Structure formats: structure tokens, C-alpha cells
Amino acid sequence: MERIIDLATKKAAVIFTKSTCCMCHSIKALFYELGASPAIHELDQDAGGREMEKALQRLGCHPAVPAVFIGGRFVGSSKDVISLHLDGSLKQKLIDAGAIWF
């Protein structure tokens, strides 16, 4: 859990993913389209990925990926991020966290 929190607070936007996850790819593409450059942590490419995946599940992320943090706070999984995008608040959260500059 400590490693998740440490990584999640190092950048304004952080996404924990798996390289084979299509929803992870979609969320990353959405962030790039909005102008953010999130830190990406591919759990299936990390030696401690299984432990991080279990820690994300304990945080309430089901499925464990994608798990999105903005401003060091857990935002949720793909459905949560898409909901924020549809209601117009995702971009503002990214701006407030310093993940998008104008």
C-alpha cells in the first residue's frame, strides 16, 4: 500500500494499468487528449505488480486497473473517470491538480 501511495503522489496525474487492458488504453488516451501527461505504471511490467494490484483492490478499485489518481487522491476506475469526463469535471480536476497547463 505504501508504494501505491508513494507513486500516486509523485505526479499530478497517475494511472496504474496493465499493458493488455483495453480500458487502460482508453483512459490513457483520454488523458493525453485532454492535454495531461500522467505517470503510467504498468503492473504487469513491474516486479511488485501483483502486490500493487492487491493494494489497489483494498482501496476499492474493482477491477484493479485502470486505477486513477489525480492530485494524489484516488479518483477510481474507468467508469468513474468516464463519468467525470461526461459531467465535465475531469478536465477541471486535472487543471486544479496541475496536470494540465494553459
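Let's start at the surface. Met-1, Ile-5, Leu-59 and Phe-74 make a nonpolar patch of about 320 Å². Keep in mind that this is a predicted model.

Take Phe-74 from that patch. Phe-74 sits in strand β4, residues 73–76. Its relative accessible area is 30%. Buried would need under 20%, and exposed over 50%, so Phe-74 counts as partly exposed.

Now the rings. How many aromatic pairs does a search of the whole structure find? Two. A pair of aromatic rings is described by the distance of the centres and the angle of the planes.

Pair one is Phe-16 with Phe-69. Centre to centre, the rings of Phe-16 and Phe-69 are 5.7 Å apart. Their planes meet at 80°. Over 60 degrees counts as edge-to-face, so that is the label for this pair.

Where do these two rings sit in the chain? Phe-16 is in strand β1, residues 13–17. Phe-69 is in strand β3, residues 67–70. The two are 53 residues apart, so this pair links distant parts of the chain.

Are Phe-16 and Phe-69 buried or exposed? Phe-16 has 0% relative accessibility, so Phe-16 is buried. Phe-69 has 4%, under the 20% cut-off, so Phe-69 is buried as well.

Pair two is Phe-69 with Phe-74. Here the centres are 5.3 Å apart, with 50° between the planes. That pair is tilted.

Put the pairs together. Phe-16, Phe-69 and Phe-74 are linked by ring pairs into a cluster. Phe-16 in that cluster is buried. Phe-74 is partly exposed, and Phe-74 brings us back to the nonpolar patch with Met-1, Ile-5 and Leu-59.

Conventions. Residues numbered from 1 in each chain as written. Predicted model: local features only at pLDDT ≥ 70, side-chain atom pairs only at ≥ 80, totals over all residues. Heavy atoms only, no water. Phe/Tyr/Trp six-rings, centres within 6.5 Å; stacked < 30°, edge-to-face > 60°. Helix = DSSP H or I, 4+ residues; strand = E, 2+ residues; numbered from the N terminus. Buried < 20%, exposed > 50% of the residue type's maximum accessible area, 1.4 Å probe, protein only. Patch = residues over 30% accessible without salt bridge, like charges linked within 9 Å, V, L, I, M, F, W, Y side chains within 5 Å. Areas by Shrake-Rupley, 256 points an atom, 1.4 Å probe, with all protein chains shown as cover. Salt bridge = Lys/Arg side-chain N within 4 Å of Asp/Glu carboxyl O.
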